[in-house]
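Biologist: Could we go through this structure together, beginning with the spaces inside it?
Modeller: Certainly; let us put it on display.

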Amino acid sequence: MIQVNYKPYSLALKYPFTIANSSRTHTPIVLVELMHKGKVGYGESSLPPYLSETQETVVKFIQNIDFSIFPENVSLQELLFYVDKLAPGNQAAKAAIDIALHDLFGKIEEKPCYSYFNVNPEQMPFTSYTIGIDNPEVILTKIKEEKRASILKIKLGTSDDKKLINLIVNQTDKLLFVDINQGWMDKEFALDMCYFLAEKSVLFIEQPLPKNNWKDLAWLKQKSPIPILADESFQTVEDLPKITDCFHGINIKLMKCGGMHMANNIIEEAKKADLKILMGCMTESSCATLAAATLAPKCDWADLDGPILITNNPFDNPNYTAGKIVLSSTPGLGLVKTEG
């Protein structure tokens, strides 16, 4: 029988930032261990404040799991189906179990997790390094500090957006992603910014307008010279039909969709709809980040810098070479635990 252990944990942010006039210095997570046949599979729920799940709800979900109802030879797919149907919602909690199950079965069956998804590790895209909204001095310090990244992800959504972008492009020739986090309210202003950013060689813009402003998002998609990606407007595969008229692509996050197998389903359906795909992350340790990286070679872009932006990663950082995460060929996710 699979034994389930869990531990609430808090990730310390390397660069604290302010939300709604309060400083955010940590992100709560729940670390999960599934033990069976002498092997341990690791999983993680990351719980940013703008999502509805908490450590308490994740723990409650995990406590309702009963793997003893299954025979010894149960398949990975049977267990994933069981977890998904256990309760509605709870996507981050499901993601933690999903990740741990893939890691565990990979170790038991002695194969890397990417083999479950027919992934070619050599097709890994470059991952971006996030530059949050801050004063110019801190932003320039961040740009100079992270020398490995070939792509920067710039957070915008203030009255100084053009000034900030000009400052950055004058300091670096790296490619840019831009994330607005619903920060632009007016479609005409957003379109003006799209043309401005296209001239600065920005590759795409994430969530420029509020997530439910479907009419203006559809208008902007038709007129924008640069791809528009859905983040807050998109969570699970059920959301795909309503976003295809409003976005050129999507940002997939395991914590929003329920884990690796659900993310893979989204990738397959998104490709059928001719949508571009960014594999993203929350503030996460190496556990959830490597799980997402397992699927990143099937995507157009990657934003998987979670472990770089924290100071107390409970696992070794991923192998990050020449701007790309390098997937391990060892069984499971290739995680190495650094704390008890």
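**Spaces, core and loops**

Modeller: Helix H3 gives the largest share of the lining of the largest cavity, namely five residues. Please keep in mind that this is a predicted model.

Biologist: Which elements give two or more residues to the lining of the largest cavity?
Modeller: They are helix H2 (76-85), helix H3 (91-108) and helix H10 (260-272). The residues that line the largest cavity include Leu80, Val83, Gln91, Ile97, Leu101, His261 and Met262.

Biologist: What is the volume of the largest cavity?
Modeller: The largest cavity holds about 60 Å³ of space.

Biologist: And how do the residues of its lining divide into nonpolar, polar and charged?
Modeller: Six are nonpolar, three are polar and three are charged. Asp84, Lys94 and Asp98 are among the lining residues.

Biologist: How many cavities of 30 Å³ or more does the structure hold?
Modeller: There are two of them. The second largest cavity has a volume of about 50 Å³, and its lining is made of Pro112, Cys113, Tyr114, Thr294, Leu327, Ser328, Gly332 and Leu333. Five residues of that lining are nonpolar, three are polar and none is charged.

Biologist: Cys113 is in that list. Is Cys113 buried or exposed?
Modeller: Cys113 counts as buried, because its relative accessibility is 1%, and the cut-off for buried is under 20%.

Biologist: How many disulfides does the structure hold?
Modeller: The structure has zero disulfides. For Cys113, the nearest cysteine sulfur is that of Cys287, 9.7 Å away.

Biologist: Why is Cys194 not bonded to Cys246?
Modeller: The closest cysteine sulfur to that of Cys194 is in Cys246, but the separation is 14 Å, so they are too far apart for a bond. A disulfide would need the two sulfur atoms to be within 2.5 Å. Cys194 also counts as buried, because its relative accessibility is 0%.

Biologist: Let us turn to pockets. What is the volume of the second largest pocket?
Modeller: The second largest pocket contains about 280 Å³ of space. It is lined by 16 residues, of which Tyr50, Leu51, Ser52, Gln235 and Lys256 are the closest to its centre. The lining divides into four nonpolar, six polar and six charged residues.

Biologist: Now the interior. How many residues does the largest nonpolar core have?
Modeller: The largest nonpolar core has 107 residues. Phe67, Leu101, Ile154, Leu197, Ile250 and Ile252 have the most contacts inside it. Helix H3 provides the largest share of this core, 10 residues. A second, separate core has six residues, among them Ile151, Phe177, Leu229 and Trp301.

Biologist: Which residues does Ile252 touch, leaving out those up to four places away in sequence?
Modeller: On that basis, Ile252 touches Phe234, Cys257, Ala263, Ile266, Ile267, Ile277, Leu278, Met279 and Gly280.

Biologist: One last topic, the backbone. Where is Lys37 found, and what is its phi?
Modeller: Lys37 sits in the loop between strand E2 (22-36) and strand E3 (39-46). Its phi is near 55 degrees, a positive value in a residue other than glycine. Lys37 counts as exposed, because its relative accessibility is 52%, and the cut-off for exposed is over 50%.

Biologist: And what is the phi of Ser201?
Modeller: Phi of Ser201 is near 65 degrees, again a positive value in a residue other than glycine. Ser201 belongs to the loop between helix H6 (187-199) and strand E7 (202-206). At 47% relative accessibility, Ser201 is classed as partly exposed.

Methods:
Residues are numbered from 1 along each chain as its sequence is written. This is a predicted model: local features need pLDDT of at least 70, side-chain atom pairs count only at pLDDT 80 or more; totals for chains, interfaces and linings use all residues. Side-chain values use heavy atoms; hydrogens and water are left out. Buried means under 20% relative accessible area, exposed over 50%, partly exposed in between (1.4 Å probe, protein chains only). On a 1 Å grid over the protein atoms alone, a cavity is a set of points where a 1.4 Å probe fits but cannot get out, and a pocket is an open set with protein on both sides within 12 Å along at least five of seven lines; lining residues have an atom within 4 Å of a point. Grid points are joined across faces, edges and corners, and a volume is the space filled by probe spheres set on the points. Helices (H or I, at least four residues) and strands (E, at least two) are DSSP runs, numbered from the N terminus. Ala, Val, Leu, Ile, Met, Phe, Trp, Tyr, Cys and Pro count as nonpolar, Asp, Glu, Lys and Arg as charged, and the others, Gly among them, as polar. A nonpolar core is a set of buried Ala, Val, Leu, Ile, Met, Phe, Trp, Tyr and Cys residues joined through side-chain atoms within 4.5 Å. Contact means heavy atoms within 4.5 Å.
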